[in-house]
Structures are given as structure tokens and as C-alpha cells.
2 protein chains.
Amino acid sequence: MKIAITGGAGFLGVKLARSLLADNALGIENVALVDMVAPPADLAEDSRVTAVTGDVADEDLLAEAIRPDTDSVYHLAAVVSAGAEADFDLGMRVNLDATRTILEIARRHGNRPKLVFASSCAAYGGELPEVVTDNQQLTPQNSYGVQKAIGELLINDYSRKGFLDGRALRYPTVVVRPGKPNKAASTFASSIIREPLQGQEAICPVAPETEMWLASPRTIVANTRRAHDLPAEAWGPWRAVALPGFTTTVGEMVRALEAIAGPEVAARVKWQRDPLIEKIVYGWPARFETARADAMGFHRDPGMEPVIKAFIEDELS
Amino acid sequence: MKIAITGGAGFLGVKLARSLLADNALGIENVALVDMVAPPADLAEDSRVTAVTGDVADEDLLAEAIRPDTDSVYHLAAVVSAGAEADFDLGMRVNLDATRTILEIARRHGNRPKLVFASSCAAYGGELPEVVTDNQQLTPQNSYGVQKAIGELLINDYSRKGFLDGRALRYPTVVVRPGKPNKAASTFASSIIREPLQGQEAICPVAPETEMWLASPRTIVANTRRAHDLPAEAWGPWRAVALPGFTTTVGEMVRALEAIAGPEVAARVKWQRDPLIEKIVYGWPARFETARADAMGFHRDPGMEPVIKAFIEDELS
């Protein structure tokens, strides 16, 4: 089996690559990791891994990773929400043009690879009902969400035409992400857990009562693999789905941190509202009924405390 | 006032141009009509009209029509449904790339023109409820619908960013179109009225009980102008809306023709089912609840008989 992962040196791409490479049943021959930066040492040293490093919107680079015999493409690379908002042209180039380039490369090869696309709940926005259902129109109020919604439409059409076998997943906000804050408007949701656990302060730019729709990295990787493995029939006429998550408030997240690590750790969260971040985050829905994803067997985290415990186990031990 | 209309020599573009030019209150200085073919004589001879004839996906051509002082752009040009289905690349180039080019030209000028975009109810599809409401997710099952849905998303984002002031309209199937059949899967809906009234046979490729969602050319022109004239506030956070139409069956359409023109005329409709056309047409919803458009004051035809009478008055007398 030959695989390409865009954003393959990012936190999710790395976890996905490790999960796939550890699965001997897959018989993996090669995993091409496309990213601006080189993958971590454990992956770089795996003889089955090819690092394809450079501009993820560059057609030649993408064609190095996605070959005529590539079986599966996981397209995770993106300019994140606040980044695409700050630089409109960069967002369009990476989030829209690069997606189209990937679809065209796959189409040209004619081998109909599977393609899993990381979409986002940022594709929702505007006037939303209390609980978002599978039927909800996508009316994103940020450029990142617009570009993701367009990617979903294209992947559906390329799949319907038989150019490839696509699956698009609207990820909830992923917590707890390891590493450093990024330019996503949601980056604080990981910072307020990750930094205090490591003795550092973290700024929370939204009010404690702010609700969020969350999933853990473990669950995201498991669901991304499940999306790939489900037969085409399981998708029916639409190749995009909102993944299960859980609803919590930012205040509850910090209380869960306190329950696990004590009040001193939780007190490292500083509340300092940022209207720009608030405007983006408040536009995202926090309550979903994911009937379709549930019926398709996608997984859901049981709540915030187990998510924090898993983070400590995976990243801090 | 300076206006550009893409698809300006098409049947709808011509009717819109005539309607605008006849409205002295607008103080029109120039209307640029962009199309593959030249406009009809009455428009070509109007000193306020500039014919911009050529490839509607060509940036230089579009920039000839959309100038730094263009106040309003009506973007009607498209490769229609069966055409975009038959030639995927042509559909992407005209329906997606040309739309992006137009948005970028407007953005570059920085004068924030109004832009009215002809979207389509073909943007709906897949598993739909009995009655489609304003909240319905767009899951188009044809490339034309996908490209229109993408246009809506882009126009929303360009409007939100303040690059232009966009409005996107999901047109119902327009009957009765004058002229010849085109490559739209819905073209028969006009042919079965137009051709019999002119002594010719017409083939109906779908069953009589097939429901359709229709609007007349008069109503489409009036609603397109209304969409332009409504203040930005009337649109709120989403710049796309499904226009009002009326639901009827193909059998009822032919019965309305019989009521107006007699059984001999109606007998010129020959029933000959075409599975390819049926597959596309059956995917389009025929019943809508257009609460938002109604509240915004958009117009609705009262039914099939007045629509046929208006066609006879406008086109055959």
C-alpha cells in the first residue's frame, strides 16, 4: 500500500502516519509526507517514509508525493482559520488551489485513489439553529470555512464523476494539541490545558461560558482512518460528514484541568478577552446531532477529563 | 450608472439589459454585454451599449467590461447543466474559474461594485426532504450545481471581506424561454410549450407526473433587479437565497397549454423518456418553502397559464 499525507509533518499528519505505519495488517510500502517542514526523526528514519518537503501548493511537489500507484491520499495541509483571515490570497492558494491541484493529479493518474479530506466545523456559521443537524446549510463566516466548504463540494463532484474515491470530514476543534500555539483562532483551547500542565501561563481570549465542540487527537486519528476504510456504499450520495465531538464550555475545560492537576495548575489560565478571536469562535456552532456519523460507526470522546488524561499519557510522560 | 452583464447576449441577459435600459430613473451611461456572440440589433444599436464579444472565461475580455468605475455586475454567463456534465473541464473553466476571475477583477478595482450572481436550484440534490427550506444543505449531484454552489460561497466571502457587494440567486427552472433548445437538462420544459405554439413537435424526455419548480422570464428579471436594489442590510450574513417559484408537473404544463391553445397544439408534445435527462431532473427538488425570499419581497408567478400567456405576448406577437 502506498500513501501520501499532506500536512504530513504537522501534529495530526505525524500521528496519522505513526498509526498507519504501526499497523502491519496494511502492508505499507511507502508513506510520502508532504509539508513545509521535515517530519520528526522517528518518521524520517523509517525506511518506508519519503519526506517531500516544500510549498504544499506547488504542483510539482504534490506530484512527487501523489504517484500513479498511490492508493490513498490524506489531505490535511491547510492555512488555518486566523491565518486565512489575515492573508486572504494565501488561504485561497493553499486551501483552495492546492486542493484542486491534488484532485487534478489524482484524476490524471486514473487509478481512482481514496482521498480523505480534513474539512472543519468552521464551515458552519451565520444564523444557526440551537443544535446543528446533518442537513444544515454551510454558511461559513470566515475564509477558511469557505475554502473548506468548497473543498467538500469539489471532492464530492470528483467522486461522483469517478475521478477518485473521496471522503471529507468536518473535524471538531481538536484538543489537546501538542507543541506550540498556531494561527488557528481555536488554538487557545489547547493552550489552556497544555501550557498550565507544563508550568506555563496561558491566555484564554474568550469568556468561560463559551461553548465549544471538541474531539481529541486519538479520536480524530481513529475517525480519519475509519473514514478511509468505510466502503464507498457507506457514504451514499454525499461524501462529507460532520464528525462526532462533545460539547463543553471553556470554564468546564479549566475545571477538568483542576480536577486532574490541581488548583495551582488551573490558576495558570489567565482570562483576557480578544474581540477578534471571540468573533470567529462565537460563529462556530458548539452543539451537533451527528446522526449520520454515528450510524457510520465514527467514534466520540466521553468528555474532557479522559481527553486531558490521554494528552498527559501521549505527550507528557 | 455603469453596468456589465456576462451572458449579456443570452436570452436572460438580453431581457435584463432591455429592462435596465428602459428604466430612465437609473441614469444609465453604459451597459457592457459580455458574451460569445453579439447582442441583438436593438441592443447593439443603443449608444449606451458596448458589446464585448469573446470567451467569457478570458480575463482580458472580462476586464474590458468590468472597469474601475463599473457600478454593477450581473454575472449570468454559464455552461449549463448537461453541458457541464458532458465537458467537465469546460464547466470548471467557465462556471468556476471565470467567476473567480470576475471577483478578482472587482476586488482589484477596489470600488466595491454590486454583483448579482445567477445560481441555480441545481445546487440542490441528493437526499432531500419533501419540502426544501432556506436552511437546506447544498449537496448537488451534478457538476453545474457544484460549480454554482462554489460561486455562492466565494461571493459570500468576497462580500464579507468588503471586496464587493454580492448577491446570489438560486433561480428556479425558467419557462418559457424563447429561441432554441440549449444543453440544459431542463431545456424540454420550455420546448414543450414553445415549439407546439409555433406548429412544431417537441419531445418531452420525462414522465408527465414529474414535478418541477418554475419561474417565468418576467419574474426572473424582476427578481434579479430586486436582488440588486435591496440594501446590503436586507441580506444579513448570507448573500445567497433560493428565489420563489411555483410547483407544477410536466403533465399540468401541457394541460395548461391545451387550455390556452387547444388540444391540437398540446398533441404536438411527444412523450419519449431519456434516462440521462431523467436522472438529472429527478435530482432537482420541486417543492420549496422560500420564507426568506418572501420576506425580502421577491416575486412569484401565480401559475402556468399566466406564464404561457406572457410568453405569447412577449415572444409570439
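**Sheet, cysteines and domains in a predicted model**

Colleague: Glad to look at this with you! In what order do the strands of the open sheet in chain A stand?
Modeller: Happy to help; please keep in mind that this is a predicted model. In chain A, 7 strands form an open sheet, and their pairing is parallel. The order is β3-β2-β1-β4-β5-β6-β10.

Colleague: Which strands of chain A stand at the edges of the sheet?
Modeller: Look for strands with a single partner, so that one side is left without a neighbour in the sheet. Neighbouring strands here are turned by 15° against each other on average, direction ignored. The edge strands of chain A are β3 (49-53) and β10 (240-242).

Colleague: Which residue is the bridge partner of Ala168(A) in β10(A)?
Modeller: Strand β6 of chain A covers residues 165-171 and runs parallel to β10(A), with 3 bridges joining the two. For Ala168(A), the partner in β10(A) is Ala240(A).

Colleague: Nice. What angle does helix α6 of chain A make with β5(A)?
Modeller: Helix α6 (residues 143-160) packs on the sheet of chain A, where it touches β5 (114-120), β6 and β10. Its direction and that of β5(A) make an angle of about 155°.

Colleague: And which strands of chain A does helix α8 lie across?
Modeller: Helix α8 of chain A spans residues 217-229 and runs at about 155° to β6(A). The strands of chain A that it lies across are β4 (72-75), β5 and β6.

Colleague: Why is Cys204(A) too far from another cysteine for a bond?
Modeller: A disulfide needs the two sulfur atoms within 2.5 Å. The closest cysteine sulfur to that of Cys204(A) belongs to Cys121(A), and this is too far for a bond. In chain B, Cys121(B) is in no disulfide either, the nearest sulfur being that of Cys204(B), 19 Å away. For Cys204(A), the distance is 19 Å.

Colleague: Is Cys121(B) buried or exposed?
Modeller: The limit for a buried residue is under 20% relative accessible area. Cys204(A) falls below this limit at 0%. With a relative accessibility of 6%, Cys121(B) counts as buried.

Colleague: Last one: what area is buried between domain 1 and domain 2 of chain A?
Modeller: Domain 1 of chain A takes in 2-171 + 215-242, and domain 2 takes in 188-213 + 246-286 + 301-315. Their C-alpha centres lie 26 Å apart, and 14 residues of domain 1 are in contact with 11 residues of domain 2. Carbon and sulfur atoms give 56% of the buried area, which is about 1000 Å².

Notes: Residues numbered from 1 in each chain as written. Chains lettered and ligands numbered in written order. Predicted model: local features only at pLDDT ≥ 70, side-chain atom pairs only at ≥ 80, totals over all residues. Heavy atoms only, no water. Pairing = 2+ DSSP bridges. Helix = DSSP H or I, 4+ residues; strand = E, 2+ residues; numbered from the N terminus. Axes fitted to C-alpha atoms, helices over the stretch in contact; angles between N-to-C directions. Contact = heavy atoms within 4.5 Å. Buried < 20%, exposed > 50% of the residue type's maximum accessible area, 1.4 Å probe, protein only. Domains from an automatic or database assignment. Buried area = accessible area lost by both parts, 1.4 Å probe.
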